[in-house]
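These notebook entries record what I looked up in one structure. I began with the nonpolar core and worked outwards from there.

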Amino acid sequence: MMPESQTENPDGYCIIKERMTQALRYFKQSTEQHVLAQVWAPVKIGDRCVLTTSGQPFVLDPLSNGLHQYRMISLTYTFSVDGESDEALGLPARVFRQKLPEWTPNVQYYSSREYSRLNHALNYNVRGTLALPVFEPSGQSCVGVLELITTSQKINYAPEMDKICKALEAVNLRSSAIYDHSNTQVLTIGHQNALAEILEILTVTCETYKLPLAQTWVPCRHGGGMGKSSTSFDGICMSTTDVAFYVIDDHMWGFREACTEHHLLKGQGVAGRAFESQNSCFCNDITQFCKAEYPLVHYARMFGLTSCVSFCLQSSHTGKDDYIYIIEFFLPTSITDSRDQETLLKSLLATMRKRLQSLKLASETEFEEEERSMEIIVDSRL
């Protein structure tokens, strides 16, 4: 259901606009960063509903001429929220329609189809961007989008998210929250034992084959677009665990940090594909995904990661609850030849087979057959 636009209910939206203005003032007082923060609000143009920032609240670093120019450019844009593919909607409209935040370390990693202001962003050195849906306390109707724009690359957006959420709450509005591990992962003794076994496998494998990073994704309780944890497991979402991961290349800590702020849905990225099929999956170049296909793709480009393989495991420690673990290995960027990659995958499988105790492949395939049944994504543009 589409919320009322400011043209349909001017009095009601005037109150929201005043609250947004005050929230931006609070946010500006709480941050020392050089930013542009602007609100996108729904308006009716004929039979179409579009988002505009014209006439809407904003705060701007007075010392940044680039951000000032970008604000002027943004005033000329509208984004339709009616009936287009999510990719073609544009950043504010995607956030508005999905009711989920979206952020990037650098908007220059978007395609012009995903981010129609891309050429202007290049001209005015716009980089890190965070866009948040804004809700009234009652109901789940999105009343606008708050866009935070910087001229520097950013990895971790949790501090900005926290400041914005507090500013909105102070004026009786709210937003989604970036993922919080503490609310979504509850580990039993069985899960702890399984993760300890996985950590040993990740450690040995990374050290043996000099893999830059390996991590584990697990199903989580997540309430969808409102950013709240749910009381029941919905089965379509997963998050990384703080227990079972291994970083051998210090440069990759930033990528790992970005992963902790994201959920993956079934089918998203290599890990999400393994989660969906409960089979193994390999991609020779994850940077060719679009952001909708893999929310972490901009970070993969930023940190130079390309080849990735994921395995779906189950553990006898967790009984008969069908709980699965997705382990994700990133291959060394120096290994680009397909035959060398195939040889490395065979070695990974052989090492895992020797190390697994309570764990097994969720597909119930023998390790000798797993390589043949593995899903291979050669061209990531699906």
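**Entry 1: nonpolar cores.** I listed the largest nonpolar core of this predicted model. It holds 57 residues, and Phe255, Ile286, Tyr294 and Ile326 touch the most other members. Helix H1 (residues 10–30) supplies the largest share of this core, 6 residues. Apart from it I found another core, of 28 residues, which includes Cys206, Ala244, Ile327 and Met352. As general background, I noted that nonpolar side chains in soluble globular proteins tend to be buried together.

**Entry 2: Ile326.** Which residues does Ile326 touch, not counting those up to four places away in sequence? I retrieved Gln215, Thr216, Trp217, Met238, Ala271, Ala274, Phe275, Ser310, Phe311 and Cys312.

**Entry 3: strand E13.** Ser310, Phe311 and Cys312 led me to strand E13. I checked burial along E13 (residues 308–315) and found 8 of its 8 residues buried. Cys308, Ser310, Cys312 and Gln314 point one way from the strand, whereas Val309, Phe311, Leu313 and Ser315 point the other way. I recalled the general rule that in a regular strand the side chains alternate between the two faces of the sheet.

**Entry 4: partners of E13.** I then looked up which strands pair with E13.
- Strand E12 (residues 281–283) pairs with E13 in the antiparallel sense over 3 bridges; Cys281 stands opposite Ser310.
- E14 runs antiparallel to E13 and is joined to it by 6 bridges; here Phe311 has Ile327 as its bridge partner.
- Strand E15 (residues 359–361) is also antiparallel to E13, with 3 bridges; the bridge partner of Ser315 in E15 is Leu359.

**Entry 5: helix H9.** I returned to Phe255 and examined its helix. H9 (residues 253–260) is mostly covered, with 6 of its 8 residues buried. Those buried are Gly254, Phe255, Arg256, Ala258, Cys259 and Thr260. For Arg256, I found that its charged end sits over the ring of Phe245, 4.0 Å from the ring centre. I noted another such arrangement at Arg71, whose charged end sits over the ring of Phe58, 4.1 Å from its centre.

**Entry 6: aromatic pairs.** I searched the whole structure for aromatic pairs and obtained 9. Why is the pair of Tyr110 and Tyr115 stacked? Their ring centres are 5.3 Å apart and their planes lie at 10°, so the pair counts as stacked. Both Tyr110 and Tyr115 are buried. Phe255 and Phe330 form an edge-to-face pair, with 5.3 Å centre to centre and 80° between the planes. Because Phe255 lies in helix H9 and Phe330 in strand E14 (residues 325–330), this pair ties together parts that are 75 residues apart in sequence. I confirmed that Phe255 and Phe330 are both buried. I also recorded one aromatic cluster formed by Trp40, Tyr77 and Phe79.

**Entry 7: confidence.** Lastly, I looked up the pLDDT of the protein chain. The mean is 87, and 84% of the residues reach 70 or more. Where is confidence lowest, and where is it highest? Helix H7 (residues 181–184) is lowest, at a mean of 46, and helix H11 (residues 297–303) is highest, at 98. I marked residues 223–233 separately, with pLDDT below 50. Beyond near neighbours in sequence, this stretch has 31 contacts in the model.

Conventions. Residues numbered from 1 in each chain as written. Heavy atoms only, no water. Buried < 20%, exposed > 50% of the residue type's maximum accessible area, 1.4 Å probe, protein only. Helix = DSSP H or I, 4+ residues; strand = E, 2+ residues; numbered from the N terminus. Phe/Tyr/Trp six-rings, centres within 6.5 Å; stacked < 30°, edge-to-face > 60°. Lys NZ or Arg CZ within 6 Å of the ring centre and 35° of its normal. pLDDT = per-residue confidence, 0-100. Contact = heavy atoms within 4.5 Å. Core = buried A, V, L, I, M, F, W, Y, C linked by side-chain atoms within 4.5 Å. Pairing = 2+ DSSP bridges.
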